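Reader: Please take a close look at one part of this model, the contact between the two chains. I would like a connected account of how the copies meet.

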There are 2 protein chains.
Amino acid sequence: MAMPVPTALPPTLTGTGELFQLLRDGKPRTRAELAQLSSLARSTVTARVDALLASGLLEPVGEAASTGGRPPTRFALSREARVVIAIDLGASHASIAVSDLSGSVLRERTITSDIADGPEKVLARVAAIAVELLAETDRGPGDVAGVGIGVPGPVEHATGRLANPPIMPGWHDFDIPAHLGKQFAGPILVDNDVNLMALGEYVTTWRSAPHLMLVKVATGIGAGIVADGRLMRGALGSAGDLGHVQVAGAPADVVCRCGNTGCLEAVAAGPAIAAKLRAQGLDVNSSQDIVDAVAAGEIAALQAVREAGRDLGTVLATCVNLLNPSVIVIGGKLSEAGEYLLAGVREVVYQRSLPLATNDLRIVSTSAGGKGGILGAGAMVIDAVLAPRAVDSYVAQRTA
Amino acid sequence: MAMPVPTALPPTLTGTGELFQLLRDGKPRTRAELAQLSSLARSTVTARVDALLASGLLEPVGEAASTGGRPPTRFALSREARVVIAIDLGASHASIAVSDLSGSVLRERTITSDIADGPEKVLARVAAIAVELLAETDRGPGDVAGVGIGVPGPVEHATGRLANPPIMPGWHDFDIPAHLGKQFAGPILVDNDVNLMALGEYVTTWRSAPHLMLVKVATGIGAGIVADGRLMRGALGSAGDLGHVQVAGAPADVVCRCGNTGCLEAVAAGPAIAAKLRAQGLDVNSSQDIVDAVAAGEIAALQAVREAGRDLGTVLATCVNLLNPSVIVIGGKLSEAGEYLLAGVREVVYQRSLPLATNDLRIVSTSAGGKGGILGAGAMVIDAVLAPRAVDSYVAQRTA
């Protein structure tokens with residue numbers, strides 16, 4: 001992982017990155033406001049603001065109302081000072097975006113790309129598109145502060161390597177950061193795609209809910225967990241792996257592709273629902289077909305989706321007791337079946353969870369939809385690039 | 001919560017608390033070593049070390065080997081510069097300790113105390129003992145840096161208030177920090193007792209395993225979750241509430257005291273096991289009786305405890321998939337039944353969890369035992385007292 005080398009700042013400037021955190025929300029503030037918020041001496045704030053201005057990370061954005069005398073200047077995060085690249089790899093697609101430091105997407109493209117083509121081919125493809133998108137925003141690889149990338153498998157976040165990802169042949173233990181690091185500067189961070197969907201949902205819609213869980217229901221079922229505003233990845237990066245949790249009350253004879261019986265995926269994911277509907281004579285083969293059948297008002301499809309929601313709810317009730325989130329977001333293709341899936345989930349969660357844990361619990365459909373992964377990938381790398389020590393290093397380099 | 005008022009430090013000294021974090025582990029270090037570890041200029045390190053020495057938080061502890069010339073001095077955390085009070089309240093007991101800044105218990109006492117006596121009586125009782133213990137270590141309330149307190153109910157950690165605790169009549173919404181704040185200075189932090197057992201286990205035994213789960217099995221069943229080295233409390237402080245999770249495969253006719261059926265507590269906690277053994281003619285009425293029967297080699301007791309372990313394992317398998325911990329610690333009275341409980345847990349967890357999540361998973365008995373709660377309460381408040389900004393404030397006050 002190519003992290004910026006820490007460079008020594010003069011004593012008065014160490015802590016510049018810390019002060020900068022107060023400006024991460026994009027709101028303009030005066031020196032006096034920053035001094036008050038930080039409890040720092042006015043002279044310290046002035047020196048740090050000057051350094052941040054010199055580095056380009058901060059810019060003056062007009063004046064505050066004067067209380068007599070010259071009106072004080074307001075400063076805010078210079079969103080376009082640098083850009084990040086966000087990548088979301090799926091089984092059969094890849095999305096690539098160039099985003100500014102506020103996380104806003106400046107340019108984005110989605111292509112058909114088979115993850116089974118292996119890391120060299122897939123990464124060369126997305127890197128080439130990233131360079132094109134950079135050019136379209138009048139930038140080059142030198143303007144890139146970092147790269148965030150989501151993959152459909154379990155990732156050891158610290159190293160950015162995948163551990164035996166089932167649907168990603170050739171990717172086991174491949175060093176994605178080292179590979180992309182040949183083309184792009186800054187940190188290159190890799191995470192599981194569902195984790196990044198959860199992060200994307202959190203940063204764009206639910207900043208007020210720092211305990212959030214996102215559940216993706218499609219061909220498989222997985223979850224991303226945000227606790228105290230941070231992604232919870234677990235010891236080996238496999239946290240949130242809900243698909244093979246045993247569903248209480250599920251028929252013991254349903255065999256899952258993992259070899260166990262009664263797994264959530266084996267009763268509530270797209271293929272299981274489709275099989276159930278085919279047994280009833282419907283021509284349903286994919287998650288999209290299920291969504292279409294629900295939209296067409298097929299009673300059997302409404303019933304099957306609601307039943308899948310109940311099975312999902314049985315597992316989520318356990319998650320609610322265990323994690324005490326304030327929001328559960330349902331995403332993935334099957335969330336497009338709308339209220340039928342959610343109704344089943346709510347039915348069981350509110351019955352089986354403890355009253356304290358469901359007092360303020362909301363269970364909702366995704367807001368970010370298919371964009372969640374790319375927004376989360378951007379947010380993850382921006383968080384690293386704008387962290388206190390990273391900003392200290394950047395300011396030191398730019399003002400040396 | 002009585003937090004120290006931030007005082008402005010001179011610019012060169014802001015960040016002193018940050019530097020101090022490098023010394024939290026108690027290992028002695030030279031100025032040169034600190035400069036290298038922190039990437040700070042030598043002059044900055046010298047100024048901060050001087051401020052920490054003046055505040056009393058740091059002390060010289062002998063000299064490093066010389067590389068020619070005067071040998072450099074080593075500095076380390078002055079463990080006894082201040083003390084904290086740690087309190088663990090149970091249903092029928094209270095433990096009170098005075099600990100140094102490394103978390104070592106200097107004096108400790110456990111008394112019989114009924115939590116149902118209500119907050120004023122119970123807190124007056126433990127505060128009086130705390131003052132006695134302080135005197136025994138030649139300290140007074142002025143030497144207290146903060147208070148950590150564990151209670152047997154759900155706590156909103158930010159405010160230190162309890163939310164309808166079932167076994168704590170009179171404690172709902174009581175302001176523990178404000179009440180104890182009349183007698184003791186510094187932060188007064190309240191948390192659930194099982195959370196603090198998890199933290200105590202983590203800081204004393206499992207620092208190398210920042211993803212840890214502690215499960216207390218006694219009259220009830222609850223869990224404390226440490227993720228990335230931090231306690232995971234959830235939106236309302238009820239995270240880890242495992243007792244009323246539905247056990248897959250449990251008989252649907254077992255009614256729990258919560259009104260639902262098939263809850264973990266209703267099949268695997270002390271009262272459930274005792275009832276099962278009484279139905280087989282054994283005179284078993286408490287968790288201690290169960291432990292004794294196991295120790296005496298009663299076959300029925302061995303079988304019942306192992307079966308409870310399997311039910312617990314069914315729920316923990318879900319926790320493993322969801323949280324991906326590297327250690328599960330089993331504590332509480334029933335953990336004294338030793339390998340029989342653990343064997344049942346392991347049997348199901350290794351069968352039902354995903355291979356990646358169980359690769360490095362250890363399932364062990366508690367090391368801290370009955371001391372976990374008090375050690376966790378101490379660790380919680382020390383963490384607050386020695387946090388960067390708290391140290392900055394303290395240094396500013398002491399060197400003003």
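Author: Two residues are in contact if their C-beta atoms, placed from the backbone, lie within 7 Å. The model is predicted, and in it the contact takes 47 residues from chain A and 47 residues from chain B. On the side of chain B that touches chain A, the elements giving two or more residues are α3 (42-55), α10 (299-323) and α12 (355-358) of chain B. Of these, α10(B) provides the largest share, six residues. By residue type, the side of chain B that touches chain A divides into 23 nonpolar, 21 polar and three charged residues.

The interface residues of chain B are, to 100%, also interface residues in chain A, so the copies meet through the same surface. The placement of the chains can be described as well. A turn of 180 degrees, with a shift of 0.0 Å along the axis, lays chain B on chain A with an RMSD of 0.0 Å. That is the relation of a two-fold axis. In chain B, the C-alpha nearest this axis belongs to B:Ala248, at 1.9 Å from it.

As for the chain behind the contact, chain A has 14 helices and 15 strands. Its radius of gyration is 23 Å, close to the 21 Å that the globule rule gives for 400 residues, so chain A is as compact as a globular protein of that length. Along the principal axes, the C-alpha atoms of chain A fill a box of roughly 75 × 50 × 40 Å. Of the 400 residues in chain A, 54% are buried. Among contacts in chain A between residues at least 6 apart in sequence, 64% join residues at least 24 apart.

Conventions. Residues are numbered from 1 along each chain as its sequence is written. Chains are lettered from A and ligands numbered from 1 in the order in which they are written. This is a predicted model: local features need pLDDT of at least 70, side-chain atom pairs count only at pLDDT 80 or more; totals for chains, interfaces and linings use all residues. Helices (H or I, at least four residues) and strands (E, at least two) are DSSP runs, numbered from the N terminus. Ala, Val, Leu, Ile, Met, Phe, Trp, Tyr, Cys and Pro count as nonpolar, Asp, Glu, Lys and Arg as charged, and the others, Gly among them, as polar. Copies are superposed by least squares on the C-alpha atoms of residues with pLDDT of at least 70 in both. The radius of gyration is taken over C-alpha atoms; the globule rule is 2.2 Å times the number of residues to the power 0.38. A residue is buried if 20 or more other C-beta atoms lie within 10 Å of its own, exposed if 12 or fewer, and partly exposed in between; C-beta atoms are placed from the backbone.
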